[in-house]
Amino acid sequence: MKLNLSVQIFASLVLSVVVGLVLGDGAIGPVKTWIAPVGTMFINLIKMMIVPVVLCSLVVGMTSMGDLKKLGRIGMKTVGFYMGTTAIAIVIGFAVASVIQPGVGMALPGEAAPKVKEAPTIMQVFVNMIPTNPIASMAKADILPVIIFSLFLGAGIISVGGSRSKLLINLFDAGAEVCYKVIAMIMRLAPIGVFCLLLPVVVQNGPKVLLPLLSVILAMAVGCTIHAVCVYSSVAAVVGPVRFFRGLAEAMIIAFTTCSSAGTLPVNMKNTEEKLGVKRDIASFVLPLGATINMDGTALYMGVCSLFIANVFGIHLTMDQMMMIVLTGTLASIGTAGVP
């Protein structure tokens with residue numbers, strides 16, 4: 001009996017953890033030399049398709065709608081939905097962390113001041129969205145500028161209309177089909193890729209890296225579960241939560257192993273269309289946008305880590321400060337790269 005690909009990937013994930021714990025850090029040399037590069041190659045194969053699939057699918061999605069007003073309505077609803085779920089994710093992070101209290105009683109090694117990387121301001125995000133050179137943005141895999149360029153390109157094709165636009169529509173449609181076929185080929189290697197990605201991590205770190213931060217990991221796991229079960233299940237009530245999660249199982253496992261929403265995008269688009277029956281014009285527009293600005297996991301992490309850091313340094317966060325973190329975290333997540 002041929003196992004479903006998602007089952008194969010999950011089995012590979014479990015096997016990598018078991019083998020890694022058995023081998024221990026004594027095998028880190030051979031594992032890094034022979035196993036880790038295979039995982040890197042798998043990730044590179046997925047990343048290779050991100051820019052082509054975003055460009056082609058967004059243009060196809062826009063031209064399929066054929067109406068800029070319709071596109072504007074869908075765009076406003078989509079962005080509003082994304083901002084709402086992001087804010088909810090931060091609140092859930094705060095709520096779970098308030099119960100678990102990660103970082104309480106944790107001693108800091110040494111007296112070194114923590115290095116802080118400031119999130120970009122909302123105006124910086126808007127400025128960085130507009131590419132001065134779309135080709136350079138594609139070369140750097142800066143997805144947000146690529147999305148903006150694709151949106152303008154699609155709008156231009158719609159505005160031209162007639163036989164002159166038909167050629168470009170067919171070209172991008174064919175390009176999108178080719179991208180989906182290549183992604184299907186890459187996904188056949190997913191069980192091997194997942195094993196080779198996780199085994200070096202488990203061998204090198206083992207349980208010792210988890211124990212000091214167990215409260216943070218637990219808070220994140222509980223928060224993500226609550227967000228998935230309560231928020232996403234209620235949203236997916238139209239197609240049914242069970243069908244929704246089963247259809248996206250492959251994408252979720254790839255996201256877990258790669259820690260990259262951008263890297264998971266090609267698989268997500270394939271699963272959404274083929275297993276959930278979402279129309280291509282909608283999926284092609286909504287999903288690339290979501291992989292860039294809908295960072296619910298990052299937002300939830302912000303809520304948990306804000307309270308964790310406050311507990312470590314003995315700082316009491318007021319309700320006003322928490323609300324400010326919710327606001328700034330929601331805006332900052334727009335500019336967060338969807339890569340590990």
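Is Lys 69 buried or exposed? Lys 69 is exposed, and its relative accessible area comes to 66%. That makes a good starting point for a tour of this predicted model, told as a set of close-up views.

**View 1. A positive patch at the surface that includes Lys 69.** Five residues build this patch: Lys 69, Lys 70, Arg 73, Lys 77 and Lys 279. Lys 69 itself sits in helix α4, which covers residues 68–100. With a relative accessible area of 66%, Lys 69 clears the 50% cut-off and is therefore classed as exposed.

**View 2. A nonpolar patch that includes Phe 10.** Here Phe 10 joins Val 14, Val 18 and Val 22 in a surface patch of about 370 Å². If you would like to find your way along the chain, look for Phe 10 in helix α1, residues 5–23.

**View 3. A salt bridge between Glu 250 and Lys 275.** The structure holds two salt bridges, and this close-up shows one of them. The closest N and O atoms of Glu 250 and Lys 275 are 2.8 Å apart. Glu 250 belongs to helix α12 (residues 249–258) and Lys 275 to helix α13 (residues 261–276), so the pair ties together parts that lie 25 residues apart in sequence. The two partners are worth comparing for their cover. Glu 250 counts as buried because its relative accessibility is 5%, under the 20% limit. Lys 275, at 30% relative accessibility, counts as partly exposed.

**View 4. A salt bridge within helix α13, formed by Glu 274 and Lys 270.** In this pair the closest N and O atoms are 3.4 Å apart. How many residues separate Glu 274 and Lys 270 in helix α13? They are four residues apart, about one turn of the helix. Glu 274 is exposed, with a relative accessible area of 56%, whereas Lys 270 is buried at 15%.

**View 5. Gln 101 and its positive phi.** Gln 101 is not a glycine, yet its phi is positive, at about 55 degrees. Most residues other than glycine have a negative phi, so this backbone angle deserves a look. You will find Gln 101 in the loop between α4 and α5. Its side of the story on solvent cover is simple: Gln 101 is partly exposed, with a relative accessible area of 32%.

**View 6. Val 267 beside Met 187.** These two residues are 80 residues apart in sequence, while their C-alpha atoms are 7.8 Å apart in space. Val 267 lies in helix α13. With a relative accessible area of 1%, Val 267 is buried.

**View 7. Gly 247 and Leu 276.** Along the sequence, 29 residues separate Gly 247 from Leu 276, and from C-alpha to C-alpha the pair is 6.2 Å apart. Gly 247 has its place in helix α11, residues 241–247. Gly 247 is buried, with a relative accessible area of 5%.

**View 8. Met 302 and Val 91.** The C-alpha atoms of Met 302 and Val 91 are separated by 9.7 Å, although the two residues are 211 residues apart along the chain. Helix α15, residues 296–312, holds Met 302. At 23% relative accessibility, Met 302 counts as partly exposed.

**View 9. Confidence along the protein chain.** Mean pLDDT for the protein chain is 81, and 89% of its residues reach 70 or more. Where is confidence lowest, and where is it highest? The lowest is in helix α5 (residues 122–129), with a mean of 76, and the highest is in helix α6 (residues 134–140), at 90. A friendly reminder for anyone planning to work from the coordinates: where pLDDT is low, they should not be read in detail.

Key. Residues are numbered from 1 along each chain as its sequence is written. This is a predicted model: local features need pLDDT of at least 70, side-chain atom pairs count only at pLDDT 80 or more; totals for chains, interfaces and linings use all residues. Side-chain values use heavy atoms; hydrogens and water are left out. Patches are made of residues with over 30% relative accessible area and no salt bridge: like charges are joined within 9 Å, nonpolar side chains (Val, Leu, Ile, Met, Phe, Trp, Tyr) within 5 Å. Accessible areas come from the Shrake-Rupley method with a 1.4 Å probe; for residues, only the protein chains shown count as cover. A salt bridge is a side-chain nitrogen of Lys or Arg within 4 Å of a carboxyl oxygen of Asp or Glu. Lys and Arg count as positive and Asp and Glu as negative; His and the chain ends are not counted. The place of a charge is taken as NZ of Lys, CZ of Arg, CG of Asp or CD of Glu. Helices (H or I, at least four residues) and strands (E, at least two) are DSSP runs, numbered from the N terminus. Buried means under 20% relative accessible area, exposed over 50%, partly exposed in between (1.4 Å probe, protein chains only). pLDDT is the predictor's confidence in each residue, from 0 to 100.
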